[in-house]
Amino acid sequence: FSASARQVRGPAGEHLGAALAYQEITDLMRAMRVKDQFVSSVSHELRTPLTTVLGYLELLSDRTDLPVDAAGQIEIAQRNTQRLLALVSDVLDVARAGAGHLVLTRTATDLTALVREAVETSAPMARRSGVSLRADAPDRLVAVVDGSRMRQVVDNLVSNAVKYSERGDAVTVSLRRVDGAIELDVADTGIGIPPDEVDLVCDPFFRGGKVVERQISGTGLGLNIVKSIVAAHGGTISLESELGRGSTFRVVVPAG
Ligand code: ADP
């Protein structure tokens with residue numbers, strides 16, 4: 001398709017230029033597709049060697065004949081390799097979702113167990129920063145969802161709630177069934193989100209002004225992935241927040 005050489009004129013002979021614009025949009029779409037493919041294949045290629053490095057570090061850390069200072073050094077290398085692997089996985093997820101390739105594997109999943117696991121994962125961080133963390137969920141709540149993707153949703157929301165809270169704050173995760181849907185609330189009494197940032201928090205790479213200023217670490221990818229996973233389930237995510245008072249993220253997905 002080469003519209004750029006063709007001039008488009010109106011009935012009175014006036015120049016419209018519409019064909020040129022169309023050509024530019026086609027070029028732009030092609031460039032975006034190439035970018036998505038590039039990001040996703042680079043991320044994929046990075047994962048394999050990183051997983052190998054992590055495996056060897058684990059083998060090393062199991063050895064009993066190490067010099068005294070080596071164990072700590074290996075642990076730092078392990079932690080940072082894990083961080084890098086998590087970042088690569090997140091970038092891959094954002095690229096996949098951007099290209100509409102977030103594939104779900106839905107099975108009957110106990111969401112209560114999933115919430116408990118996510119709370120356990122964030123508990124050490126909560127303890128370290130003096131934030132209380134509790135779950136309010138029925139004994140069992142089964143829904144047909146992609147369990148590992150929903151785990152990612154809960155993990156991200158709970159770890160954010162803890163990360164953006166301060167000593168003495170509280171995080172509450174509540175789960176309930178409402179008619180044919182599952183409602184998950186992750187509420188914190190933390191730093192809150194300014195009104196002009198509320199609509200931006202799910203954008204890829206967005207990080208709050210205060211958060212950057214205070215040098216709280218992060219990539220700005222978590223909520224974008226959460227939003228894509230929730231959308232792929234046919235659900236919605238909403239947010240209520242007051243600066244200095246805290247935030248509540250609500251996820252609603254069909255029970256399946
Ligand atoms: P990250 O946490 O890596 O910055 P996210 O995509 O998870 O990335 O969040 C994007 C931004 O939204 C954060 O940088 C922060 O400004 C804001 N945010 C997310 N969750 C909360 C929360 N519970 N309380 C306050 N701000 C939050």
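Is Glu242 buried, partly exposed or exposed? Keep that in mind as you load this predicted model. The tour starts at Glu242.

**Stop 1: Glu242**

Select Glu242, in strand E6, residues 236-242. Glu242 counts as partly exposed, because its relative accessibility is 47%, between the 20% and 50% cut-offs. Show its surroundings. Leaving out residues up to four places away in sequence, Glu242 touches Ile191, Gly192 and Ile193. Now draw a distance to Ala123. The two C-alpha atoms are separated by 24 Å, and the residues lie 119 apart along the chain.

**Stop 2: H3 against H4**

Select helix H3, residues 111-129, and helix H4, residues 147-163. Their axes come within 9 Å and cross at roughly 25°. That makes H3 roughly parallel to H4, since the angle is under 35 degrees. The crossing of H3 past H4 is right-handed.

Turn on side chains for the contact:

- From H3, pick Leu114, Val115, Glu117, Ala118, Thr121, Ser122, Met125, Ala126 and Ser129.
- From H4, pick Gly147, Met150, Arg151, Val154, Asp155, Val158, Ser159, Val162 and Lys163.

Colour this contact of H3 with H4 by class. You should find 9 nonpolar, 5 polar and 4 charged residues.

**Stop 3: H4 against H6**

Keep H4 and add helix H6, residues 222-232. The H4 and H6 axes are 9 Å apart, at an angle of about 145°. This crossing of H4 and H6 is left-handed. On the H4 side, the contact uses Arg149, Gln152, Val153, Asn156, Leu157 and Asn160. On the H6 side, it uses Gly222, Leu223, Ile225, Val226, Ile229 and Val230. By class, the contact of H4 with H6 holds 7 nonpolar, 4 polar and 1 charged residue.

**Stop 4: the nonpolar core**

Which residues have the most contacts inside the largest nonpolar core? Select Val153, Leu157, Ile182 and Leu184. The core they belong to has 38 residues. Several elements give two or more residues to this core: H3, strand E3 (142-145), H4, strand E4 (170-178), strand E5 (181-188), H6 and strand E7 (246-254). H4 gives the most, with 7 residues. In soluble globular proteins, nonpolar side chains tend to be buried together.

Zoom in on Leu157. Beyond residues up to four places away in sequence, Leu157 touches Leu184, Val186, Leu223, Val226, Phe249 and Val251.

**Stop 5: H2 against H6**

Stay with H6 and bring in helix H2, residues 70-98. H2 and H6 pack at an angle of about 45°, and their axes are 10 Å apart. The two helices are therefore oblique to each other. H2 passes H6 in a left-handed crossing. From H2, select Asp90, Asp93, Val94 and Ala97. From H6, select Asn224, Ile225 and Ser228. The contact of H2 with H6 has 3 nonpolar, 2 polar and 2 charged residues.

**Stop 6: Val88**

Move along H2 to Val88. Buried or exposed? Val88 is buried, because its relative accessible area is 8%, under the 20% cut-off. Not counting neighbours within four places in sequence, Val88 is in contact with Ser43, Leu46, Arg47 and Leu50. Measure to His44 as well. The C-alpha atoms of Val88 and His44 are 8.1 Å apart, across 44 residues of sequence.

**Stop 7: two positive phi values**

Most residues other than glycine have a negative phi. Here are two with a positive one.

- Asp179 has a phi of about 55°. Find Asp179 in the loop between E4 and E5. Asp179 is exposed, at 73% relative accessible area.
- Phe205 has a phi of about 70°. Find Phe205 in the loop between E5 and helix H5 (209-213). Phe205 is exposed too, at 55% relative accessible area.

**Stop 8: Gly13**

Finish in the segment before helix H1 (18-62), where Gly13 is found. Gly13 counts as partly exposed, at 37% relative accessibility. Draw one last distance, to Ala126 on H3. The C-alpha atoms of Gly13 and Ala126 are separated by 70 Å, and the two residues are 113 apart along the chain. Ala126 is one of the H3 residues that meet H4.

Note on methods. Residues are numbered from 1 along each chain as its sequence is written. This is a predicted model: local features need pLDDT of at least 70, side-chain atom pairs count only at pLDDT 80 or more; totals for chains, interfaces and linings use all residues. Side-chain values use heavy atoms; hydrogens and water are left out. Axes are lines fitted to C-alpha atoms, for helices over the stretch in contact, and angles run from 0 to 180 degrees between N-to-C directions. Helices (H or I, at least four residues) and strands (E, at least two) are DSSP runs, numbered from the N terminus. Angles under 35 degrees count as roughly parallel, over 145 as roughly antiparallel, 65 to 115 as roughly perpendicular and the rest as oblique. A crossing is left-handed if the near helix is turned anticlockwise from the far one by less than a right angle, and right-handed if clockwise. Contact means heavy atoms within 4.5 Å. Ala, Val, Leu, Ile, Met, Phe, Trp, Tyr, Cys and Pro count as nonpolar, Asp, Glu, Lys and Arg as charged, and the others, Gly among them, as polar. A nonpolar core is a set of buried Ala, Val, Leu, Ile, Met, Phe, Trp, Tyr and Cys residues joined through side-chain atoms within 4.5 Å. Buried means under 20% relative accessible area, exposed over 50%, partly exposed in between (1.4 Å probe, protein chains only).
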